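Open the model in your viewer and colour it by chain. The tour goes from one helix to the interface between two chains.

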Number of protein chains: 2
Amino acid sequence: MGTAERKAKEKEELKALILGAAKKLFAEKGIEETTIRSIAKEIEYSVGTVYVYYKDKTEILHDLHQQGFAQLGGEFRALFHVSDPMERLKALGRIYMKFALENTQMYDLMFNMKAPMDFIKANEEHHWKEGNATFDALRKTVQECMDQGYFNGHQLEPLSFAIWGSVHGMCSLYIRDRVKAATGQEPDPLMNKAFEDLMLMFSKK
Amino acid sequence: MGTAERKAKEKEELKALILGAAKKLFAEKGIEETTIRSIAKEIEYSVGTVYVYYKDKTEILHDLHQQGFAQLGGEFRALFHVSDPMERLKALGRIYMKFALENTQMYDLMFNMKAPMDFIKANEEHHWKEGNATFDALRKTVQECMDQGYFNGHQLEPLSFAIWGSVHGMCSLYIRDRVKAATGQEPDPLMNKAFEDLMLMFSKK
DNA sequence: CAAACATAATGAACAGTGTTCAAAAAATCA
DNA sequence: TGATTTTTTGAACACTGTTCATTATGTTTG
């Protein structure tokens, strides 16, 4: 039936409209400062309408964090053209860090905020497929590095986690305003140099 | 004048009482879930009283985060008995991580939450002395390691930051529930193994 | 076409938050 | 004791996420 189809499409469109407004406001004024009312106002609908399409705020946050992973995942996938695994590992790290610095709010949502994980726990019985896929890209690359003689005497899983953690840690400190406050240095150059330092240590055979 | 003295002391005591209640509730039910009203109830005073002794919630959070740094700082200082700098570096990391895993709420407050930094920006013109002192302990130790031939070809500042970031990153992912969700592994053993992996790489001459 | 029905949108209302501040209570002083 | 100062109070305000009876709109049917 044509009408039902069109209806379903319209519903999807409005849902996307809400999400788009949320994304815009999050980037503009931060996630904490963005209210359901401000989202409703942005798209010129009432608060109630937002709740017709999203059962609560964590669902909006979860949908948005999926968009972030779609973008980062795409950039990761593009890097699998690089055949040298250590080069690819470095590139993955660089892209990851670039993403974090250029999309601080989104990165925060993906890797720091509790909301998306709360939503997953409450609705999808514990499967964070976005995080899994991203970690998999890293793990695969680390495995290939090990096959080439890198990371001797290490185990794949903890090593991959350690590498993720080390880059995430710098990004997280950056986003949460601890870098300049603790080191006294300009954050951006320090981040880049520190990243190189890490990679230099990681790539020692 | 004796009375004025006693008064000042009583004021300090009540302030400490508020802070103690806050600390207790934070550890019990989490920081986000602890309200000014619940703090007031805990010490059997009214909401208004809390605001006589603390100008707002960020000040409570800031005072509490100072307590955390006092504890961690004390544990750090005790480690300066270890004369071998690389051994001390590893011990610093282990203590840091132990602190994070055993005081998740406090660690979150110290290194993730925005409130304490917001308070500092608004009230103490940008000087995070707690963070500075802690980073200094790390930096000093890293310098001594470099003096002994470790970390060849690295610069002190970015390297120290990278080391901090790498341990912080794992702790942060742990606290924000990303470890098991992304890796599928049991978090605690993975953390410990990953920490060893990092230290192994750091200590390669 | 009009009436019956189904779907979508609304916004006042609720319970909760941090915060304020005139008023009440308690303590101190003369 | 009475006046004055200090401390404590909690109702009230502006905000939050969320709900749901009511209204408006669209669709189907006799």
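Contact here means heavy atoms within 4.5 Å. Keep that cut-off in mind for what covers a helix. The model is predicted.

**Stop 1: helix α7 of chain B.** Select residues 115-123 of chain B. Which of them are buried? Ala115(B), Pro116(B), Met117(B), Phe119(B) and Ile120(B) are. Now show the surroundings. The cover over these buried residues includes α4 (57-78) and α6 (104-111) of chain B. It also includes α10 (179-183) of chain A. Step past the helix to Glu125(B): its phi is positive, near 25°.

**Stop 2: the whole interface.** Select the residues of each chain that touch the other. You should get 50 from chain B and 50 from chain A. The two chains bury about 4,500 Å² between them, with carbon and sulfur atoms giving 63% of that area. Highlight Phe161(B), Arg178(B) and Met201(B): they supply 17% of the area that chain B buries against chain A, more than any other three residues.

**Stop 3: polar links.** The interface holds 4 salt bridges by the rule applied. Zoom in on one of them, Lys121(A) with Asp177(B), where the closest N and O atoms are 2.5 Å apart. Across the interface, 16 residue pairs are in polar contact, both residues at pLDDT 80 or more.

**Stop 4: the chain B side.** Select α6, α7, α8 (129-147), α9 (156-175), α10 (179-183) and α11 (187-202) of chain B; each gives two or more residues to the side that touches chain A. Which element gives the most? α9(B) does, with 13 residues. Colour this side by residue class: 26 are nonpolar, 13 polar and 11 charged.

Definitions and conventions:
Residues are numbered from 1 along each chain as its sequence is written. Chains are lettered from A and ligands numbered from 1 in the order in which they are written. This is a predicted model: local features need pLDDT of at least 70, side-chain atom pairs count only at pLDDT 80 or more; totals for chains, interfaces and linings use all residues. Side-chain values use heavy atoms; hydrogens and water are left out. Buried means under 20% relative accessible area, exposed over 50%, partly exposed in between (1.4 Å probe, protein chains only). Helices (H or I, at least four residues) and strands (E, at least two) are DSSP runs, numbered from the N terminus. Buried area is the accessible area (1.4 Å probe) that two parts lose on being put together, summed over both. A salt bridge is a side-chain nitrogen of Lys or Arg within 4 Å of a carboxyl oxygen of Asp or Glu. A polar contact is a pair of N or O atoms within 3.5 Å; within protein, one must be able to donate a hydrogen and the other to accept it, and residues adjacent in sequence count only if both atoms are side-chain atoms. Ala, Val, Leu, Ile, Met, Phe, Trp, Tyr, Cys and Pro count as nonpolar, Asp, Glu, Lys and Arg as charged, and the others, Gly among them, as polar.
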